[in-house]
Every structure is written in C-alpha cells, then in structure tokens.
Amino acid sequence: MDIDINKIVLCRKKILLMMLLNFSDWLCTITLLRFDGFFEANPLMASVLDKPLLCFAVKCILPLILMSYIFYVLPVSSKGIVKAVNIIMIVLGVIYLLINILHIFNFVILFNM
C-alpha cells in the first residue's frame with residue numbers, strides 16, 4: 001500500500017476540524033436552547049436534549065470515538081478509503097460550517113432582542 005503521507009496528514013487535519021466543529025455545534029446548541037424561541041432542528045437530537053449526559057455522549061463522545069478510530073486507522077488503509085474519508089470530511093465540513101454559521105446568526109439575533 002503506497003499511500004501518499006500528505007493525503008493522510010490532510011485527512012487527519014480535516015478529522016480534527018470535524019471534531020472541533022462538532023463540539024462547537026453541541027456547545028452553541030445547548031447555549032441557545034436556554035433561551036426562548038430557539039429549538040433543535042434535528043428531530044433525532046431533539047429527543048435526547050432533555051438528558052444532558054446522553055446528549056453529550058451522542059453529540060460529542062460517539063463522534064469523537066468514531067473519528068479517533070478513523071484517525072488512527074488511516075495509515076494502514078487503502079488509497080480508496082483515504083480518498084473516501086477525505087471526500088466525506090469535505091462534505092461534513094461544509095455541513096458543520098453552515099450549522100455553525102447558523103448558530104452565529106442565532107447569537108446575533110439573541111443579543112439584538
């Protein structure tokens with residue numbers, strides 16, 4: 001398996017960014033939900049928000065475990081897997097950036113009420 005180490009490093013950086021964006025999504029979500037007028041848009045997550053430990057586990061711990069596994073398995077993965085993970089990280093990155101931008105707009109709305 002002759003995998004370009006630069007692609008693995010780039011993929012690992014994307015994974016670290018996903019973990020950061022995922023954590024910021026959780027933090028912003030629980031902060032905004034303390035104010036009237038804000039709600040969780042994801043119906044699956046809305047069902048666990050009333051249980052703080054479960055919410056943290058689902059929003060932060062499980063993705064951390066999954067992404068940590070991928071992070072450490074990448075060097076022994078095939079070129080196809082590394083390419084697929086890179087593409088998935090780009091898609092997830094765009095989604096999480098949009099979600100975090102939405103959180104920023106919500107904070108602007110909140111502080112201008």
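**A buried salt bridge and the helices around it**

Lys59 and Asp25 pair up in a salt bridge, with the closest N and O atoms 2.8 Å apart. The bridge ties together distant parts of the chain, since Lys59 belongs to helix H3 (residues 52-73) and Asp25 to helix H1, 34 residues apart. Both partners are tucked away from solvent: Lys59 is buried, and so is Asp25. The model discussed here is a predicted one.

In all, the structure holds two salt bridges. The other pairing joins Lys51 to Asp50, and here the closest N and O atoms sit 3.6 Å apart. Lys51 has a relative accessible area of 41%, so it counts as partly exposed. Asp50 reaches 59% relative accessibility and is therefore exposed. The burial of Lys59 and Asp25 can be set beside these values for Lys51 and Asp50.

As for the overall fold, the protein has four helices and zero strands. Reading along the sequence gives the pattern α-α-α-α. Taken along the principal axes, the C-alpha atoms fill a box of roughly 55 × 30 × 20 Å. Of the 113 residues in the protein, 33% are buried.

How do the helices H1 and H4 sit relative to each other, and at what angle do they cross? Two packed helices are described by the angle between their axes and the distance between the axes. For H1 (residues 5-32) and H4, the axes come within 9 Å and cross at roughly 30°. Angles under 35 degrees count as roughly parallel, and H1 and H4 are therefore roughly parallel to each other. The crossing in which H1 passes H4 is left-handed.

Individual residues fill in this picture of H1 and H4. Val82 lies in helix H4 and, with 2% relative accessibility, counts as buried. Val82 and Arg12 are 70 residues apart in sequence, yet their C-alpha atoms are 9.9 Å apart in space. Further along, Ile99 also has its place in helix H4. Ile99 is partly exposed, its relative accessible area being 28%. With Cys28, Ile99 makes a pair that is 71 residues apart in sequence and 9.9 Å apart in space, C-alpha to C-alpha.

H4 also carries residues that face solvent. Leu98 is found in this helix, which spans residues 79-111. Is Leu98 buried or exposed? At 56% relative accessibility, Leu98 counts as exposed, because the cut-off for that class is over 50%. Leu98 is one of the residues in a nonpolar surface patch of about 580 Å², made together with Ile90, Val94, Leu97, Ile101 and Phe105. Within H4, then, Val82 is buried, Ile99 is partly exposed and Leu98 is exposed.

Turning to H3, Pro52 has its place in this helix. Pro52 has a relative accessible area of 62% and so is exposed. Its C-alpha atom is 9.1 Å from that of Ile30, although Pro52 and Ile30 are 22 residues apart in sequence. H3 therefore holds both the exposed Pro52 and Lys59, the buried partner of Asp25.

Val76 offers a rather different sort of distance. This residue is placed in the loop between H3 and H4, and with a relative accessible area of 61% it is exposed. The C-alpha atoms of Val76 and Arg34 are separated by 44 Å, while the two residues are 42 residues apart along the chain. For Val82 and Arg12, by comparison, 70 residues of sequence go with 9.9 Å in space.

Definitions and conventions. Residues are numbered from 1 along each chain as its sequence is written. This is a predicted model: local features need pLDDT of at least 70, side-chain atom pairs count only at pLDDT 80 or more; totals for chains, interfaces and linings use all residues. Side-chain values use heavy atoms; hydrogens and water are left out. Patches are made of residues with over 30% relative accessible area and no salt bridge: like charges are joined within 9 Å, nonpolar side chains (Val, Leu, Ile, Met, Phe, Trp, Tyr) within 5 Å. Accessible areas come from the Shrake-Rupley method with a 1.4 Å probe; for residues, only the protein chains shown count as cover. A salt bridge is a side-chain nitrogen of Lys or Arg within 4 Å of a carboxyl oxygen of Asp or Glu. Helices (H or I, at least four residues) and strands (E, at least two) are DSSP runs, numbered from the N terminus. Buried means under 20% relative accessible area, exposed over 50%, partly exposed in between (1.4 Å probe, protein chains only). Axes are lines fitted to C-alpha atoms, for helices over the stretch in contact, and angles run from 0 to 180 degrees between N-to-C directions. Angles under 35 degrees count as roughly parallel, over 145 as roughly antiparallel, 65 to 115 as roughly perpendicular and the rest as oblique. A crossing is left-handed if the near helix is turned anticlockwise from the far one by less than a right angle, and right-handed if clockwise.
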